[in-house]
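Student: Please give me one close look at the salt bridges of this protein, and then set them against the rest of the chain. Keep the cut-offs explicit.

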Amino acid sequence: MTESRAETGSPRGGFNGWWLGSAMFVLAVLVAAVLVVVLGGGSGSTPGNAPTSTGTASGLPGTADSSAGTSGCAGSAGNANVPTVQPPSGIRWEVLFTIAVPWSSDAGPAVRDGAHRRCYQHSPVGALLAAANLAVTTQCPGSDRTLRDQVLPGPTRDAMLKAAQTQPPQAKQPGETAALAGYRFLAYSPNVTVLQLAYTFGGKYGMENYRLEWHDGDWMLNLDPPGGSVPGQPLTSLAGFVPWGAV
């Protein structure tokens, strides 16, 4: 089971992503922008249900090679089993600008310097940690460096980088933004991982898609995936997701 430790002594349970801050939340309702989760009604079943499959890389749609690949700059190769039933073990939670973000001594990020968080294991767990961290660090103070170094070039990345340089994101207060609630892998290969992160805010659920690509020895976020970005979707429950967060 996940080891949950918020290491600065701040309140637990707050994976407060900037893309769900008050202003971005209003923007999401209006235009369903990239990286903004729209929270509201939707379809689903009972809360808290997790997938029932055991899950390896080859057992997911769209996967190819099931090997974990090279270690990456995190320093360990890990294994190729996709954690589709239980969340990964050994996860710690570190408060960054009032936001709890996950890390692991094995899977990364090996470099944790404020919003500059990189060097992930070349494995499904490494990709999951990269998605959870990049969801926050592309939207928080110092995001221009993350967008420049850890996001693949493209129109969306370029627009976000320009906005971050001209009007840097401001820190939010605890409780103003969303909390990470779960995840679901859609596909995994050593080169590409597609997964969804689920969030809770104000008693409602929402989810966002993330595409990670292995590039230059690390997982990088692609904000302009083939076929275009998928906007955030509302959920009525966590059915189909592995529950996961700083609790």
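Tutor: Helices and strands here are DSSP runs, H or I over at least four residues for a helix and E over at least two for a strand, numbered from the N terminus. The model is predicted, so local features need pLDDT of at least 70 and side-chain atom pairs count only at pLDDT 80 or more, while totals for chains, interfaces and linings use all residues. Residues are numbered from 1 along each chain as its sequence is written, and side-chain values use heavy atoms, with hydrogens and water left out.

On that basis the protein has 4 helices and 10 strands. Read from the N terminus, their order is α-β-β-β-β-α-α-α-β-β-β-β-β-β.

Now the charged pairs. Side chains of opposite charge can pair when their charged atoms come close. A salt bridge is counted when a side-chain nitrogen of Lys or Arg is within 4 Å of a carboxyl oxygen of Asp or Glu. The search of the whole structure returns 3 of them.

Start with Glu94, which is joined with Arg112 and Arg117 in a network of salt bridges. The bridge from Arg112 to Glu94 spans 2.8 Å, N to O. Because Arg112 sits in strand β3 (residues 111-113) and Glu94 in strand β1 (residues 92-96), this pair ties together parts 18 residues apart in sequence. The bridge from Glu94 to Arg117 spans 3.1 Å, N to O. Arg117 belongs to strand β4 (residues 116-118) and Glu94 to β1, so here the parts tied together are 23 residues apart in sequence.

For burial, a relative accessible area under 20% is called buried, over 50% exposed, and anything in between partly exposed (1.4 Å probe, protein chains only). Glu94 is buried at 18% relative accessibility, and Arg117 is buried at 2%. Arg112, at 33%, is partly exposed.

The remaining salt bridge pairs Glu213 with Arg211 at 2.8 Å, N to O. Glu213 is buried, with 18% relative accessibility.

Glu208 makes a useful contrast. This residue lies in strand β7 (residues 204-215). Glu208 is buried yet has no salt bridge, and the nearest side chain of opposite charge, Arg184, is 12 Å away; in this count Lys and Arg are positive, Asp and Glu negative, and His and the chain ends are left out. A polar atom of the Glu208 side chain does lie 3.4 Å from the backbone nitrogen of Gly232.

There is also a covalent link. A disulfide is a covalent bond between the sulfur atoms of two cysteines; the cut-off used is a pair of cysteine sulfur atoms within 2.5 Å. The structure holds 1, formed by Cys73 and Cys119 with their sulfur atoms 2.2 Å apart. The pair links distant parts of the chain, 46 residues apart: Cys73 in the loop between α1 (22-31) and β1, and Cys119 in the loop between β4 and α2 (124-137). The link is left-handed, at -115 degrees about the S-S bond. Cys73 is partly exposed at 35% relative accessible area, whereas Cys119 is buried at 5%.

For the whole protein, 50% of the 247 residues count as buried. Taking contact as heavy atoms within 4.5 Å, 68% of the contacts between residues at least 6 apart in sequence join residues at least 24 apart.

Note on methods
Polar contact = N/O pair within 3.5 Å; in protein donor to acceptor, adjacent residues only side chain to side chain.
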